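Hi,

Here is the structure I promised to send over. Have a look at it first, and then read on for what I found in it.

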Amino acid sequence: MRRIERDEIVSVSFELNGKRAAGTAQPRTLLSDFLRQTLGATGTHVGCEHGVCGCCTVMIDGVACRSCLTLAVQVEGRRVETVESLAGDEDRLNALQRAFNKHHALQCGFCTPGILMSFTDYLGRNPKPSEDEVREVLGGHICRCTGYAGLVAAVLDAAREMRGETEPEGEPHAA
Amino acid sequence: MKPKSFAYVRPDSVEEAVDLLAQHGEDARIIAGGQSLMAMLNLRLVEPSILVDISQLKELSEIGVRDGAVEVGASVTQARLLAWPELKARAPFIALALPWVGHFQTRNRGTVCGSIAHADPSSELPLSLRLLGGEVVLRSKKGSRKVKAEAFQQGLLTTARRPDELITAVRFPVGVGAEGAGFREVARRHGDFAIVAVGAVKVAGSIRVAVGGVADRPGLLELPAGGSEAERRQAIEDFAWELGGYDDIHASARYRRDLVRRLAPIIISEAA
Ligand SMILES: Cc1cc2nc3c(=O)[nH]c(=O)nc-3n(C[C@@H](O)[C@H](O)[C@H](O)COP(=O)(O)OP(=O)(O)OC[C@H]3O[C@@H](n4cnc5c(N)ncnc54)[C@H](O)[C@@H]3O)c2cc1C
Ligand code: FES
Ligand code: FES
């Protein structure tokens with residue numbers, strides 16, 4: 001049994017983007033704050049802190065979920081991936097990120113890290129999603145800038161590229 | 001929007017978990033998926049002194065068929081039940097309703113039992129449990145008991161669970177809905193909480209209808225086989241008034257009742 005007293009400060013260690021990470025937290029410290037404030041991993045954004053906006057989405061043990069609804073002490077010994085894990089060496093964007101760029105799937109970029117992490121998980125499970133399925137996953141995010149059309153186009157295009165298929169005829173913006 | 005301080009405990013067994021509940025009673029809160037509780041903590045709507053984390057308890061992680069019911073353990077997420085290969089065959093109604101519970105991202109963490117424990121009047125899973133005539137398995141230091149859905153949910157976020165009890169599993173009777181089932185809800189977006197949700201199953205010729213989002217808990221209507229169209233319409237009308245409804249920023253009570261009148265006939269014909 002693991003027990004941490006109220007206001008007790010403990011060291012939390014886990015795997016962050018493939019490397020060991022550790023920092024101190026109280027039981028009430030949210031994972032989102034722990035990542036940003038303690039570890040300086042500010043790629044993960046924070047909007048609503050009640051699970052609705054989706055910009056804090058990260059993957060825990062490979063599964064996309066809200067870091068604002070997770071306690072830092074809950075990830076002890078587990079594997080966390082954030083948006084910082086996506087680009088390869090020398091910040092070469094991955095296929096999903098390139099598609100976001102190409103289809104103008106972001107403007108201010110506030111919502112982007114969470115959406116990228118949701119689809120990193122989702123496309124791993126469903127490499128050939130329909131437009132409806134993409135929209136349904138997007139339903140777990142709020143984007144105030146793009147109007148979503150570019151996001152849908154980007155995800156469908158990235159899925160195609162990840163399957164090794166070529167681009168269909170027509171406008172890259174069509175959603 | 002940060003929680004107040006609390007102690008955090010991650011027990012290694014159900015026994016340790018119920019010991020903690022016996023010791024701390026109402027000052028303790030179980031945390032399962034955290035998809036409702038964490039928001040309430042962040043908003044300081046609840047201020048427990050100790051959180052008991054059961055989300056990783058292996059003992060509670062099973063989905064199986066036991067004594068005529070699909071039994072879902074308390075650490076099973078909604079996503080895991082949805083991906084269970086036997087779901088459609090064993091619990092066809094759950095297969096219809098579950099994709100409406102929140103979003104992909106919240107189903108990844110939110111548990112089936114946690115939703116039933118939380119007892120939101122518009123939630124799909126408590127409605128499902130009521131419609132199918134399921135039950136909740138509770139355990140405390142004193143022993144274990146089963147409570148039928150109709151007795152479990154008592155009102156808005158209120159259930160028959162005693163402060164020293166842990167929900168270890170919920171049970172959905174196998175095959176109810178195999179003869180016919182329908183489910184639909186109206187929400188502002190897919191994944192948002194329902195304004196009104198309606199489910200129906202055909203059971204031995206008669207039709208059972210459950211409605212969420214109108215009263216303070218899911219309501220149930222039994223329609224006998226072979227009634228006339230007019231009788232059916234009257235029964236739905238009476239049912240809508242009986243449910244009452246409430247006004248909030250999303251909808252008025254009147255609009256909710258109207259949704260019941262409009263949705264119920266559609267869902268009934270899907271189930272019939
Ligand atoms: C953006 C968003 C949208 C959502 N939309 C919907 C929706 O459309 N429909 C819907 O139904 N839900 C929705 N939810 C809530 C749903 O995701 C939760 O999963 C569910 O209500 C609670 O399950 P949980 O495992 O997360 O429980 P928790 O949040 O961990 O707990 C909820 C409550 O139940 C108690 N509890 C949990 N497990 C047990 C147990 N085993 N024994 C005793 N008590 C227990 C806790 O103490 C707490 O009081 C939404 C949530 C979010 C964040
Ligand atoms: S900050 Fe986590 S969902 Fe909005
Ligand atoms: S790009 Fe600005 S909120 Fe989505």
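In chain B, 58% of the 272 residues count as buried. Please keep in mind that this is a predicted model, so every value below was computed from predicted coordinates.

Staying with chain B, its secondary structure comprises 11 helices and 14 strands. Its radius of gyration is 19 Å, close to the 19 Å that the globule rule gives for 272 residues, so chain B is as compact as a globular protein of that length. If you want to set up a box, the C-alpha atoms of chain B fill one of roughly 60 × 40 × 30 Å along the principal axes.

The contacts in chain B reach across the sequence: taking those between residues at least 6 apart, 61% join residues at least 24 apart. As for the surface, about 11400 Å² of chain B is accessible, and carbon and sulfur atoms hold 49% of that. On the charge side, chain B carries 35 positive and 33 negative side chains, with the centres of the two sets 3 Å apart.

There is also an annotation to mention. An unreviewed UniProt entry places the feature "domain: FAD-binding PCMH-type" at residues 1–177 of chain B. Over that stretch, residues 1–177 of chain B, the chain is 32% helix and 26% strand, and the C-alpha atoms at its two ends lie 42 Å apart.

Now for chain A. It has 5 helices and 6 strands, and from the N terminus on they follow the order β-β-β-α-β-β-β-α-α-α-α. The radius of gyration of chain A is 17 Å, close to the 16 Å expected from the globule rule for 175 residues, so chain A is as compact as a globular protein of that length. Along the principal axes, the C-alpha trace of chain A spans about 60 × 30 × 30 Å.

How many of the 175 residues of chain A count as buried? The share is 51%. Among contacts in chain A with a separation of 6 or more, 54% come from residues 24 or more positions apart. Chain A exposes about 8000 Å², and 46% of this is supplied by carbon and sulfur atoms. Finally, chain A has 19 positive and 24 negative charges, and the mean positions of the two groups are 4 Å apart.

Happy to talk any of this through whenever it suits you.

Best wishes

Terms used
Residues are numbered from 1 along each chain as its sequence is written. Chains are lettered from A and ligands numbered from 1 in the order in which they are written. This is a predicted model: local features need pLDDT of at least 70, side-chain atom pairs count only at pLDDT 80 or more; totals for chains, interfaces and linings use all residues. Side-chain values use heavy atoms; hydrogens and water are left out. Helices (H or I, at least four residues) and strands (E, at least two) are DSSP runs, numbered from the N terminus. The radius of gyration is taken over C-alpha atoms; the globule rule is 2.2 Å times the number of residues to the power 0.38. Buried means under 20% relative accessible area, exposed over 50%, partly exposed in between (1.4 Å probe, protein chains only). Contact means heavy atoms within 4.5 Å. Accessible areas come from the Shrake-Rupley method with a 1.4 Å probe; for residues, only the protein chains shown count as cover. Lys and Arg count as positive and Asp and Glu as negative; His and the chain ends are not counted. The place of a charge is taken as NZ of Lys, CZ of Arg, CG of Asp or CD of Glu. UniProt positions are given in the numbering used here, feature names are shortened, and annotations may be inferred rather than shown by experiment.
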